[in-house]
Amino acid sequence: MKRFECGTLVPGCDWHTRAEEEAEVTRRAVEHMRATHGEEVIRPSMVGHIKERIRDEQPNPA
């Protein structure tokens, strides 16, 4: 499972998402940037910053 926490890119934002695939996490994060933070143009560098901050989420022990 992959996880992105927006606060690692936009201080003070507590939004996060997770999905099995990095591409889906990235898509959701880009949409969040547009809808919440008013980013009209998502440059490749922004996508790169998002991808740098995606982490593997450790499964909870049973």
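Here is a short set of questions and answers about this predicted model.

User: Before we start, what kind of model is this, and how are the residues numbered?
Analyst: This is a predicted model, where local features need pLDDT of at least 70, side-chain atom pairs count only at pLDDT 80 or more, and totals for chains, interfaces and linings use all residues. Side-chain values use heavy atoms, leaving out hydrogens and water, and residues are numbered along each chain as its sequence is written, from 1.

User: Thanks! In what pattern do the helices and strands follow each other along the sequence?
Analyst: Helices (H or I, at least four residues) and strands (E, at least two) are DSSP runs, numbered from the N terminus. The protein has two helices and three strands. Read along the sequence, they give the pattern β-β-α-α-β.

User: In what order do the three strands stand in the sheet?
Analyst: Two strands count as paired if DSSP finds at least two bridges between them. Strand S1 (residues 2-5) is joined to strand S2 (residues 16-19) by four bridges, running antiparallel. S1 also pairs with strand S3 (residues 55-56) in the antiparallel sense, over two bridges. The open sheet therefore has the order S2-S1-S3.

User: Which strands stand at the edges of the sheet?
Analyst: Strands of a sheet pair through backbone hydrogen bonds, either parallel or antiparallel. Here each edge strand has a single partner strand, so one side of each is left without a neighbour in the sheet. The edge strands are S2 and S3.

User: Which residue in S3 is the bridge partner of Arg-3?
Analyst: Arg-3 stands opposite Arg-18 in S2. In S3, the bridge partner of Arg-3 is Arg-55.

User: At what angle does helix H1 run to S2?
Analyst: Helix H1 covers residues 22-37 and lies across S1 and S2. Axes are lines fitted to C-alpha atoms, for helices over the stretch in contact, and angles run from 0 to 180 degrees between N-to-C directions. The angle between H1 and S2 is about 155°.

User: How many residues does H1 give to the largest nonpolar core?
Analyst: A nonpolar core is a set of buried Ala, Val, Leu, Ile, Met, Phe, Trp, Tyr and Cys residues joined through side-chain atoms within 4.5 Å. Buried means under 20% relative accessible area, exposed means over 50%, and partly exposed is in between (1.4 Å probe, protein chains only). The largest core has eleven residues, including Phe-4, Val-25, Met-33 and Ile-54. H1 gives the most to this core, and its share is four residues.

User: Is His-32 buried or exposed?
Analyst: His-32 lies in helix H1. Leaving aside neighbours within four places in sequence, His-32 is in contact (heavy atoms within 4.5 Å) with Cys-6, Cys-13, Trp-15 and His-37. With a relative accessible area of 6%, His-32 is buried.

User: Which residues does Cys-13 touch?
Analyst: Cys-13 is part of the largest nonpolar core, as is Cys-6. Not counting residues up to four places away in sequence, Cys-13 touches Cys-6, Gly-7, His-32 and His-37.

User: How far apart in sequence are the parts tied together by Glu-57 and Arg-18?
Analyst: A salt bridge is a side-chain nitrogen of Lys or Arg within 4 Å of a carboxyl oxygen of Asp or Glu. Glu-57 and Arg-18 form one, with their closest N and O atoms 2.8 Å apart. Glu-57 lies in the segment after S3 and Arg-18 in strand S2, so the pair ties together parts that are 39 residues apart.

User: Which residues are linked with Arg-18 in a network of salt bridges?
Analyst: By this rule the count comes to seven salt bridges. Arg-18 is partly exposed at 46% relative accessible area, and Glu-57 is partly exposed at 21%. The residues linked with Arg-18 in the network are Arg-3, Glu-5 and Glu-57.

User: What separates Glu-24 and Arg-27 in helix H1?
Analyst: These two form a salt bridge, with the closest N and O atoms 2.8 Å apart. Glu-24 is partly exposed at 25% relative accessible area, and Arg-27 is partly exposed at 48%. Because they are three residues apart in H1, their separation is about one helical turn.

User: Last one: what is the radius of gyration of the protein?
Analyst: The radius of gyration is taken over C-alpha atoms, and the globule rule is 2.2 Å times the number of residues to the power 0.38. That rule gives 11 Å for 62 residues, and the protein is close to this value, so it is as compact as a globular protein of that length. Its radius of gyration is 12 Å.
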